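Student: I have not looked at this structure before. Could we go through it with a few questions?

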Amino acid sequence: MISTSSSPPSVNSSRMRSEIQALQPQLVEWRRRLHERPELGFREHLTAEFITQKLQSWGIEHQTGVAKTGIVATISSTQPGPVLAIRADMDALPIQEENEVSYRSQHDGVMHACGHDGHTAIALGTASYLAQHRDDFIGTVKIIFQPAEEGPGGAKPMIEAGVLKNPDVDAIIGLHLWNNLPLGTVGVRSGALMAAVECFRARILGKGGHGAMPHQTVDSVVVAAQIVNALQTIVARHVDPIESAVVTVGELHAGTALNVIADTARMSGTVRYFNPALAELIPQRVEQIIAGICQSQGAKYDLDYWQLYPPVINDAGIAELVRSVASGVIETPVGIVPECQTMGGEDMSFFLQAVPGCYFFLGSANPAKNLAHPHHHPHFDFDETALGMGVEIFVRCVEKFCS
Ligand SMILES: [Zn+2]
Ligand SMILES: [Zn+2]
């Protein structure tokens, strides 16, 4: 499962590896049990019950009902020391599973198509290992089982409920199983890993009329078309070309008949970027472009623009901790992949705004076993070998940080 280290591992380290390897069948069993009963954000009741039963049976102190369905487990060493948090999200997606597997989703129209069942199993495995090895670290480990990552977001309400306090968390780590990387790799980097997620919805209010008499109307379709094009100049002309950003109009609706000028057009879209400095510029430009074009054409508009998740920004020190630990676990030629940024978003970003930390990708694709479909695909599945790797990385991070 995990290749042995080129330098001989210490007795402690090889004992850890064999104990985690022995845990592998249970990790798979838990993951499949969770996979069979996926639940949408803030409705993870069966999931929370499953986690609670496990924590209780291992004698791990925990708090339930945090931000509705979230759970925080606290594992303290026999000695005081630093506090490291580990975050796992646990929600599923409104997707009908198309995999023909024994552990296929039993909930119609709901599926663990992002791997959060695996994240929960890895966090449980880590909790179970640490609870039995409280002498191998100092301080406290908090394991945060978070609801609703896929939206509307469970991280922020959990922070507001005080999960990073009492005892105060010094650093946080978390991982995403990642089918964009092959099994046996870890995507880790300092700085921006994932993008900010922002959304907008606009209505262009023109004046309808006859398709042959445009001079009597304000054509919302023509106005909307200009806006769609002009929005692309935000990235092309206003954002520093060294930076990355995306403005996508995903929906555009107007009109009812080919010979009628539509009085209203509706559009919605998403904005992504890494640099937090763009949090002001882009929304401003979106509104200026819509307002300016509407004004020049005699149309009116209304606009809703909301900032869903900030960018995921890793702390250099904690990223280095994860990188050094992971390179002892993953030893393939491409083992550590720093070029792993994505314009996808994650509400892990709120935790990383509050305390230093690192979010990283654990490669989970295995095309030879047909386990390489993209996330959020009805055939998504991952190589479960990654589960044990995830536990080993977390446990080694704990032993290194809390030492
Ligand atoms: Zn997802
Ligand atoms: Zn996800």
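Student: Is glutamate 150 buried, partly exposed or exposed?
Tutor: This is a predicted model, and its glutamate 150 has a relative accessible area of 26%. Buried means under 20% and exposed means over 50%. Glutamate 150 is therefore partly exposed.

Student: Which residues coordinate the zinc ion (ligand 1)?
Tutor: The donors of this ion follow the spacing C-x35-E-x225-H along the chain. They lie at 2.0 to 2.2 Å. The residues are Cys114 (SG), Glu150 (OE) and His376 (NE2).

Student: Which residue bridges the zinc ion (ligand 1) and the zinc ion (ligand 2)?
Tutor: The two ions lie 3.1 Å apart. The protein donors of the zinc ion (ligand 2) are Cys114 (SG), His116 (NE2) and His176 (NE2). The bridging residue, which coordinates both ions, is cysteine 114.

Student: How many residues apart in sequence are the parts that histidine 116 and histidine 176 tie together?
Tutor: Both histidines are buried, and both are donors of the zinc ion (ligand 2). Histidine 116 lies in helix α3 (residues 116–131) and histidine 176 in strand β5 (residues 171–182), so the pair ties together parts whose separation in sequence is 60 residues.

Student: How is helix α2 oriented relative to α3?
Tutor: Among the residues that meet are Phe50 and Leu55 in α2, and Leu124 and Ala127 in α3. The axes of α2 (residues 45–57) and α3 are 11 Å apart, at an angle of about 10°. Angles under 35 degrees count as roughly parallel. That makes the orientation of α2 to α3 roughly parallel.

Definitions and conventions:
Residues are numbered from 1 along each chain as its sequence is written. Chains are lettered from A and ligands numbered from 1 in the order in which they are written. This is a predicted model: local features need pLDDT of at least 70, side-chain atom pairs count only at pLDDT 80 or more; totals for chains, interfaces and linings use all residues. Side-chain values use heavy atoms; hydrogens and water are left out. Donors are N, O and S atoms within 2.8 Å of the metal (3.2 Å for Na, K and Ca); water is not among the atoms, so sites may look incomplete. Helices (H or I, at least four residues) and strands (E, at least two) are DSSP runs, numbered from the N terminus. Buried means under 20% relative accessible area, exposed over 50%, partly exposed in between (1.4 Å probe, protein chains only). Axes are lines fitted to C-alpha atoms, for helices over the stretch in contact, and angles run from 0 to 180 degrees between N-to-C directions. Angles under 35 degrees count as roughly parallel, over 145 as roughly antiparallel, 65 to 115 as roughly perpendicular and the rest as oblique. Contact means heavy atoms within 4.5 Å.
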